[in-house]
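Work through these short exercises with the structure at hand. Try each task before reading its solution.

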Amino acid sequence: MTNLEESIRRELLRTNRSGAYSCSTIVDCNTRKYHGLLVVPVPELDDENHVLLSSLDVTVVQHGAEFNLGLHKYQGNNYSPKGHKYIREFDCDKVPTTLYRVGGVLLKKEVVFQHYEDRILIRYTLVDAHSATTLRFRPFLAFRSVRQFTHENSTASREYQEVDNGIKTCMYAGYPDLYMQFSKKNEFIFRPDWYRGVEYPKEQERGYASNEDLYVPGYFEMSIKKGESIVFSGSTSSIKTSSLKKLFDEEVEERVPRDNFYHCLVTAAHQFHFRDRRSGSSPEHLDDSDDRYLLAGYPWFKCRARDTFISLPGLTLAIDEQDYFEHVMKTAEKGLREFMQGKPRSVKIYEMDQPDVPLWAIWAVQQYVKQAGKERGYKMYGKLVNDIIKYIIAGKHPNLRLDENGLLYANGRDKAITWMNSTANGRPVVPRSGYIVEFNALWYNALKCAAIMAADKGDEKLAADMEKRAELCKQSFVETFMNEYGYLLDYVDGPMMDWSVRPNMIFAVAFDYSPLNQEQKKSVLDVCTRELLTPKGLRSLSPKSGGYNPMYVGPQTQRDYAYHQGTAWPWLGGFYMEACLKLYKRTRLSFLERQMVGYEEEMDYHALGTVSELFDGNPPFHGRGAMAFAMNVAEILRALKLLEKYSYQK
């Protein structure tokens, strides 16, 4: 902890169900503009999160001597104050807990983010002290979007009002009040000032502007006795401070200990849960009729359609939370049907127009049916599956055309339409267009799924039609994509064939229904193993292919060109493991368990207890991008469940 080079790389994320979060490094030094103690959505302003309370510095005062436990980075690589040097222990098994030692003083700090309120709670306990001790708390305020910076200005309001054991303040019109309250009576000393030139090294790394000024209205001061605990609340709503200690205990009790790999992933899965809070409503009014979502990741992602359907089985079914699958699917189905019917969007799911989204929805339903059983699965989603198939066959999707050869054609020359969606200068970096390999693997899988569903329901005519279409698709798929080198072309658009070795072919092996025979599947899997497999998932491009660019570093444009040109993605590794198990059963178990080690060690790096968005494609496979990514957590969880299933099979 005292070695900043090691500790400042590790981040800690706490979230609630409204999309608000609290995030910093484990030494409480903010290194991103997205970091903050209280970061909340402000729907009255825009669709972004906003940093209200950036940090809270605590100073221990004894015999007139002051020891500031805070840590900030300023321009010129200057850290001040250097509170990390007082850290003796750090633990986050249940809640993040830091133990500071200042001379004879031992101060323990524990942090929780309330589940259904936009409220950060911090409990300070004086474990040991040999003389009278005072604590001083200095809040650093930002009141800005996570995508912007704040600088010293005369517009910011310095006004505040005293509330129960604290104050409330609001720097700019349109923002909610920030309530800062303590469980103990205290004195607030109004001493407004700006702290200038606070710097965020993660933004520097990414080639962005990286410094800002933070406003400090003053400080709170109170005495504390040995063995005493004081709870701080930072929130957009007032609270009765006599309830803070009890509330903190209740929140701690609800937490799942991060005592093993699986529990870390379960906790990470829950961080993506999001319940829509309508403008002007409060969390206590949420009920089961509210829209439920899955955020695509933290800290900057919103709810995206493709990510939702790919993540859904892993984040719900794999941890036996079937009811949450149904809640999210209810919202997502509403959005999907609105798109298919040409109606305005009423749900907060973006990119519903991407051509493969309805096909991933069918894949998600397929996973549900396997767990919930055919009777319930067909009852819940049978009509949705049939309606999607009819919609595509009728040619109603604006960018999906079913050709006479049974394959789906989509135009992606000018606009990115697949999960490989990076753009540069307004153009796709990887312009995948025409017959796209995973689109058609999904289509074949969907047709077979619909055929079996129809047969089970006794609709022989529909079953025969689906089987006939599937057979045509299968034949054309092999003729179009399978090449003489034993792997699948990534896309084919007239005379244009992409021979790059990419991971998108793994889906044709992993899905329950594949257009490939056993020999072809093994050949594709072998190529993926030889050229794409890393300890962090599959590379987005083989090192042997032209344009291989495995390091996701540097300014935005440089990173855009590397995003899908060799970086490794754990969620693709989930499908790779499923393909291995389907082909080789138990004989590959030990190999895949070793593969899991690469993910398990991530629990101690980058953002603790979760999985980064992507990784460099070359050693040491450093985590990059967003600190937590839903599809990665989901597919690792689903793969763990598959491993468990095959372990018990004879």
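The exercises below deal with aromatic residues in this predicted model.

**Exercise 1.** Classify the ring pair of Trp194 and Tyr215, and place both residues in the chain.

*Solution.* Start with the total: the model has 40 aromatic pairs. Now take this pair. The ring centres of Trp194 and Tyr215 lie 5.5 Å apart, and the planes meet at 50°. Pairing needs centres within 6.5 Å, and angles from 30 to 60 degrees count as tilted. So the pair is tilted. Next, locate the residues. Trp194 is in strand β16 (residues 187–199), and Tyr215 is in strand β17 (residues 211–224). They are 21 residues apart, so the pair links distant parts of the chain. Both Trp194 and Tyr215 are buried.

**Exercise 2.** Classify the ring pair of Trp360 and Trp363, then decide whether each residue is buried or exposed.

*Solution.* The centres are 5.5 Å apart and the planes stand at 85°. Over 60 degrees counts as edge-to-face, so that is the class of this pair. Both residues sit in helix α7 (residues 357–372), three residues apart, which means a separation of about one helical turn. For burial, the cut-off is under 20% relative accessible area. Trp360 has 2%, so Trp360 is buried. Trp363 has 1%, so Trp363 is buried.

**Exercise 3.** Find where Tyr485 lies, and decide whether Tyr485 is buried or exposed.

*Solution.* Tyr485 is in the loop between α10 (460–481) and β27 (491–493). Its relative accessibility is 57%. Exposed means over 50%, so Tyr485 is exposed. Together with Met497 and Trp499, Tyr485 makes a nonpolar surface patch of about 340 Å².

Technical notes:
Residues numbered from 1 in each chain as written. Predicted model: local features only at pLDDT ≥ 70, side-chain atom pairs only at ≥ 80, totals over all residues. Heavy atoms only, no water. Patch = residues over 30% accessible without salt bridge, like charges linked within 9 Å, V, L, I, M, F, W, Y side chains within 5 Å. Areas by Shrake-Rupley, 256 points an atom, 1.4 Å probe, with all protein chains shown as cover. Salt bridge = Lys/Arg side-chain N within 4 Å of Asp/Glu carboxyl O. Helix = DSSP H or I, 4+ residues; strand = E, 2+ residues; numbered from the N terminus. Buried < 20%, exposed > 50% of the residue type's maximum accessible area, 1.4 Å probe, protein only. Phe/Tyr/Trp six-rings, centres within 6.5 Å; stacked < 30°, edge-to-face > 60°.
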